[in-house]
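Here is a friendly walk through one protein model, written to be read with the coordinates open beside you. Please follow along residue by residue.

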Amino acid sequence: MQTQQESRITIQGIELALACPDVLSYHWVGQQDVLEQLLAAWLVIDPKDIPLSPRLIGKPGVGKTTLAYAAAKAIGRDVYIFQCTMDTRPEDLLITPVIDKAGGIRYVASSLVTAMIQGQVCILDEGNRMGEKSWASLAPLLDARRYVESIVAGLKIAAHPNFRICVTTNEDASTFEIPEYIHSRLQPQIYIDFPEPEEEKRILSENLPFVDEAIIDYVVAFLHRAHISDERYTVRDGINIARYAAKRIKSVKDKPDMTGFLRQAIAMTLGDEALVYAL
Ligand SMILES: Nc1ncnc2c1ncn2[C@@H]1O[C@H](COP(=O)(O)OP(=O)(O)O)[C@@H](O)[C@H]1O
Ligand SMILES: [Mg+2]
């Protein structure tokens, strides 16, 4: 079994166990403007200046999480991703008490609080899945005060000057409205749109370097036709389709019917209605 050394820190006499960063092989391809917009929001241009807390918006699967991760890596920071859900409670975002082996209480810092303490980057992913109570606990962090207050641990924790945060939100049904006073703190909003076909091809090739170009080209053409009709299908769907079709093609002994397997992969990923955009 693999064990990971847990790191700890003591703040105001209270020992906190810290989270581990997310180590992923995400690279951003194309659309340099949105990367530059995000990096500019994080920039501090004067001793009296503070970084902004930008919000990435766009359909599920357009690359929001990937962009935030790549931007953090571009400035040489570790990345801590906090996945928000409708069950996320305020203490989950900050510090959770757990019972230790000896029956005492141990305080565990969230990935957000760990990033704040260490001066790294936190991605609050799919932030609009969590409710207003949880957002309320972040209000002081998202303005000039830059701290959070954990009622559970009785601690006020200030963000390290290098700490940066980015929130992603999805445009889909299973989400809450972000309260107005939080919305006004999550600025600027950076909109990620569908990439151009040439960029989409590079994204698919970057994610699936082992897949035949003919498969990639087919999927890029499919996605392009769907984008023109403003369908919700994104590059994530394209990656799943190409990956599955490549597996099917690899698994047959005789000469495979590439188009047949691709059409099937489209139907199995997105439903039969998506076939109107397939060749
Ligand atoms: N511009 C891009 N460069 C590299 N990969 C991308 C890009 N856009 C999307 N992807 C890929 O598409 C998939 C979905 O991206 P993700 O960031 O998870 O989307 P979102 O967070 O918007 O739902 C991932 O596998 C990601 O690697
Ligand atoms: Mg995401």
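The report below goes from the overall picture to strands, loops, backbone angles and cysteines.

## Ground rules

This is a predicted model, in which local features need pLDDT of at least 70 and side-chain atom pairs count only at pLDDT 80 or more, while totals for chains, interfaces and linings use all residues. Residues are numbered from 1 along each chain as its sequence is written, chains are lettered from A and ligands numbered from 1 in the order in which they are written, and side-chain values use heavy atoms, with hydrogens and water left out.

## The overall picture

The C-alpha trace of the protein spans about 70 × 45 × 35 Å along its principal axes. The protein contains 10 helices and 11 strands; these are DSSP runs numbered from the N terminus, with helices being H or I runs of at least four residues and strands E runs of at least two.

Of the 279 residues, 49% count as buried. Here buried means under 20% relative accessible area, exposed means over 50%, and partly exposed lies in between, using a 1.4 Å probe and protein chains only. The accessible surface comes to about 14400 Å², and carbon and sulfur atoms hold 52% of that area. Areas come from the Shrake-Rupley method with a 1.4 Å probe, and for residues only the protein chains shown count as cover.

Taking contacts between residues at least 6 apart in sequence, 71% join residues at least 24 apart; a contact means heavy atoms within 4.5 Å. As for charge, there are 29 positive and 37 negative side chains, and the centres of the two sets lie 4 Å apart. Lys and Arg count as positive and Asp and Glu as negative, with His and the chain ends not counted. Each charge is placed at NZ of Lys, CZ of Arg, CG of Asp or CD of Glu.

## Strand β3 and its partners

Which strands pair with β3 in the parallel sense? One is β10 (residues 164-170), over four bridges, and another is β11 (residues 189-191), over three bridges. Two strands pair if DSSP finds at least two bridges between them. R55 of β3 has V167 as its bridge partner in β10, and R55 also stands opposite Q189 in β11.

Strand β3 itself covers residues 55-58, with R55 and I57 pointing one way, L56 and G58 the other, and all of them buried.

Just before β11 comes a backbone feature worth a look. The peptide bond from Q187 to P188 is cis, with omega near -5 degrees, and P188 is found in the loop between α6 (180-183) and β11.

## The β8–β9 hairpin and a contrasting loop

Strands β8 and β9 run antiparallel and are joined by four bridges, with V148 opposite I157 in β9. The hairpin has four residues between its strands, and G154 takes a positive phi near 65 degrees.

A153 is in the loop between β8 (147-150) and β9 (155-158). Is A153 buried or exposed? At 7% relative accessibility, A153 counts as buried. Leaving aside neighbours within four places in sequence, A153 is in contact with I14, I95 and Y107. A153 and A109 are 44 residues apart in sequence and 10.0 Å apart in space, C-alpha to C-alpha.

K101 sits in the loop between β5 (95-99) and β6 (105-109), and K101 counts as exposed because its relative accessibility is 90%. The C-alpha atoms of K101 and Y26 are 37 Å apart, with these positions 75 residues apart in sequence numbering.

## Positive phi outside glycine

Two residues other than glycine with positive phi are set side by side here.

| Residue | Phi | Loop | Relative accessible area |
|---|---|---|---|
| Q31 | near 25 degrees | between β2 (14-17) and α1 (32-42) | 12%, buried |
| E126 | about 55 degrees | between β7 (121-125) and α5 (132-136) | 17%, buried |

## The cysteines

How many disulfides does the structure hold? It holds zero disulfides, a disulfide being a pair of cysteine sulfur atoms within 2.5 Å. The sulfur of C84 is too far for a bond, because the closest cysteine sulfur, in C122, is 8.0 Å away. C166 is in no disulfide either, and its nearest cysteine sulfur, that of C122, is 9.3 Å away. C84 is buried at 0% relative accessibility, and C166 is buried with a relative accessible area of 0%.
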